[in-house]
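Subject: Structure for you to look at

Hi,

Here is the structure I said I would pass on. Have a look at it first, and then read my notes below.

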Amino acid sequence: MTVGSFEVGGASAGNYEGRVTLFVVITCLVAASGGLIFGYDIGISGGVTSMDEFLEKFFPSVYAKEKNASGHESQYCKFENHLLTLFTSSLYLAALIASFFASATTQKFGRKISMTTGGLIFLVGAILNGAAVNVEMLIIGRLLLGVGIGYANQSVPVYLSEMAPPKLRGALNIGFQMATTIGIFAANLINYFTSSMPANGWRVSLGLAAVPALMMTVGAIFLPDTPNSMIERGQKDEAREMLKKIRGTENVEQEFTDLLEASEASKRVEYPWKKIMEPQYRPQLVITCLIPMFQQLTGINVIMFYAPVLFKTLGFGNNASLMSAVVSGLVNVFATFVSIFTVDKFGRRALFLEGGIQMIICQISVGVLIYKVFGVAGVGSFSKEMGNLALALICIYVAAFAWSWGPLGWLVPSEIHPLETRSAGQSINVSVNMFFTFIIGQLFLSALCHLKFGLFFFFAGWVVIMTAFVYFFVPETKNMPIEEMNRVWKAHWFWGSYIPDDAVGLQHHKSVAV
């Protein structure tokens with residue numbers, strides 16, 4: 001047995017009758033558009049906080065520090081300001097709290113209601129931000145955006161995992177991450193053009209967040225709910241008909257029976273938040289906590305939040321820094337396609353491991369490069385050649401994240417939980433992700449000021465740890481029906497002892513090979 005890797009036997013693993021229907025593909029694409037609001041916000045905030053007009057109006061001390069520089073100040077510290085980072089990171093604190101309310105909404109009213117709610121709240125936040133006249137209005141708008149993202153990120157990945165056929169669950173679920181990357185790229189492009197407007201460019205950038213919010217809200221209104229959610233709410237006949245529609249066959253009894261069995265087990269659980277703490281759910285709980293934490297400790301949001309600010313720190317001019325962010329955003333989009341086409345063929349583990357190694361190499365290289373130019377004092381400037389090399393290394397790093405930890409950080413936690421703990425598990429996934437996004441977003445500019453080039457070594461060290469964790473403790477989940485996922489855990493060298501022999505999904509499939 002190879003440590004951390006195994007094959008699960010059993011005739012029916014991933015072999016429910018059915019085909020990939022146009023209906024389910026379109027449905028998943030519409031649902032995945034929920035990632036647009038998340039991506040747009042990630043991309044827009046860094047560009048806006050590098051615009052002079054925005055800084056002068058809301059953060060005059062940062063503007064004065066930037067404009068009155070004598071040339072001897074540390075490049076590492078030029079944007080350090082806790083109120084400025086609060087503008088970016090407050091959203092993620094709100095998303096953390098909202099994800100727990102979203103869990104109850106998703107379980108009681110269905111996945112589509114949560115998506116619709118998230119879109120509407122995000123829309124209000126976008127309007128407030130675009131019309132902001134003071135910092136307080138900005139922060140309130142950001143908090144509302146966070147609530148919207150908390151609802152969307154809690155419900156969309158679960159919706160996609162439940163609607164998709166097992167053999168395409170990875171590709172269709174990654175549609176959420178693809179929409180996120182498109183949102184980031186669109187935001188970077190909009191920032192590039194609005195930065196040259198004579199006035200109110202930042203208002204246009206922030207206000208246009210209403211567009212993806214409308215797309216998500218309108219799309220969610222017309223989406224059907226998942227068969228899993230319908231059964232969970234007692235709509236068994238409707239669930240069977242929906243299952244026939246999304247699988248393109250009348251013979252859905254095997255999958256429908258498994259869904260009913262999972263639902264019955266779920267109904268016996270009165271307190272899912274208490275249940276998920278029991279030993280038999282330990283594998284899912286540990287991975288649901290660590291995967292989103294690790295995703296943020298890759299350092300990706302240092303690039304995505306603050307790409308224009310980071311490139312300005314590296315000596316790029318205002319337009320050049322914004323265009324560099326556009327380039328890295330475009331790489332992010334195209335690299336995500338790699339994941340879509342390979343995740344169900346080569347599996348989750350292969351992408352995690354390759355992406356991790358590639359990110360380690362790039363982060364160490366960027367850290368060395370910055371040290372060579374700025375040293376410890378932070379005084380110096382990049383030549384055109386060195387700047388282009390830094391941009392190339394950052395793009396290679398972004399590509400690695402985009403086909404590994406980016407999409408898989410949302411896919412894996414959304415597909416590993418049994419129905420009885422799925423909503424609670426996804427809320428934990430979102431809340432842990434948002435907590436560490438908040439921490440890194442709030443502390444990055446200060447960390448850059450104090451750790452200097454060592455910040456990139458810090459993140460590289462974490463990527464070494466998370467890559468080792470995946471190798472030893474994250475099993476392969478490709479092609480496994482979502483309601484039979486306990487078979488994966490039962491077969492694992494470490495986690496198997498936590499799963500009881502009568503767990504859901506094991507009763508009809510006793511032939512498990514390790």
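One definition before anything else: the expected span of a helix is 1.5 Å times one less than its number of residues. Keep in mind, too, that this is a predicted model.

Helix α22 is where that definition comes in. It runs over residues 454–473, which makes 20 residues, and the distance from its first C-alpha to its last is 29 Å, close to the 28 Å expected. Its buried residues are L455, F456, F459, A460, V463, M466, T467, F469 and V470.

Helix α12 gets the same check. With 12 residues (236–247) at 1.5 Å a residue, α12 should span 16 Å, and its end C-alpha atoms are indeed 16 Å apart, so the two agree. Buried in α12 are A239, M242, L243, K244, I246 and R247. As for what covers those buried residues, the list includes α1 (22–32), α7 (135–163), α11 (227–232) and α13 (253–267). Just after α12 comes G248, with a positive phi of about 70°.

Now the chain as a whole. Its secondary structure is 23 helices and zero strands. There are 514 residues, and 63% of them are buried. If you take the contacts with a separation of 6 or more, 82% of them are between residues 24 or more positions apart.

One example of residues far apart in sequence is A94 with M434: they are 340 residues apart along the chain, yet 8.5 Å apart in space, C-alpha to C-alpha. A94 sits in helix α5 (residues 82–109). Its relative accessible area is 10%, and buried means under 20%, so A94 counts as buried. Setting aside neighbours within four places in sequence, A94 is in contact with L143, G146 and V147.

Next, two residues in helix α7: Q154 and S155.

Which backbone oxygen lies 3.0 Å from a polar atom of the side chain of Q154? That of S423. Q154 is buried, because its relative accessibility is 0%. Beyond its neighbours within four places in sequence, Q154 is in contact with S99, A102, S103, T106, S423, Q426, S427 and V430. So S423 turns up both as the residue with that backbone oxygen and in the contact list of Q154, where the reason for calling Q154 buried is its 0% accessibility.

S155 is buried as well, because its relative accessibility is also 0%. Its side chain reaches the backbone oxygen of Y151 at 2.8 Å. With neighbours within four places in sequence left out, the contacts of S155 are T106, R111, S114 and M115. T106 is in the contact list of Q154 and in that of S155.

On to the empty space inside. Rolling a probe the size of a water molecule over the atoms shows where empty space is left. How many cavities of 30 Å³ or more are there? The count comes to seven. The largest cavity holds about 140 Å³ of space. It is lined by 15 residues, and those nearest its centre are I42, Q177, T180, N301 and F401. The elements that give two or more residues to this lining are α2 (34–48), α8 (169–194), α15 (282–297), α16 (300–313) and α20 (405–415). By type, the lining residues divide into seven nonpolar, eight polar and no charged.

Last, two loop residues to click on. N200 is in the loop between α8 and α9 (201–207). Its phi is near 65°, which is a positive value in a residue other than glycine. N200 is partly exposed, because its relative accessible area is 35%. The other is N479, in the loop between α22 and α23 (486–491). Phi of N479 is near 70°, again positive in a residue other than glycine. N479 has a relative accessible area of 25%, so it is partly exposed too.

If you want a place to start, put Q154 on screen along with S423, whose backbone oxygen lies 3.0 Å from a polar atom of the Q154 side chain. After that, try the largest cavity, with I42, Q177, T180, N301 and F401 nearest its centre.

Cheers

How values were computed:
Residues are numbered from 1 along each chain as its sequence is written. This is a predicted model: local features need pLDDT of at least 70, side-chain atom pairs count only at pLDDT 80 or more; totals for chains, interfaces and linings use all residues. Side-chain values use heavy atoms; hydrogens and water are left out. On a 1 Å grid over the protein atoms alone, a cavity is a set of points where a 1.4 Å probe fits but cannot get out, and a pocket is an open set with protein on both sides within 12 Å along at least five of seven lines; lining residues have an atom within 4 Å of a point. Grid points are joined across faces, edges and corners, and a volume is the space filled by probe spheres set on the points. Helices (H or I, at least four residues) and strands (E, at least two) are DSSP runs, numbered from the N terminus. Ala, Val, Leu, Ile, Met, Phe, Trp, Tyr, Cys and Pro count as nonpolar, Asp, Glu, Lys and Arg as charged, and the others, Gly among them, as polar. Buried means under 20% relative accessible area, exposed over 50%, partly exposed in between (1.4 Å probe, protein chains only). Contact means heavy atoms within 4.5 Å. A polar contact is a pair of N or O atoms within 3.5 Å; within protein, one must be able to donate a hydrogen and the other to accept it, and residues adjacent in sequence count only if both atoms are side-chain atoms.
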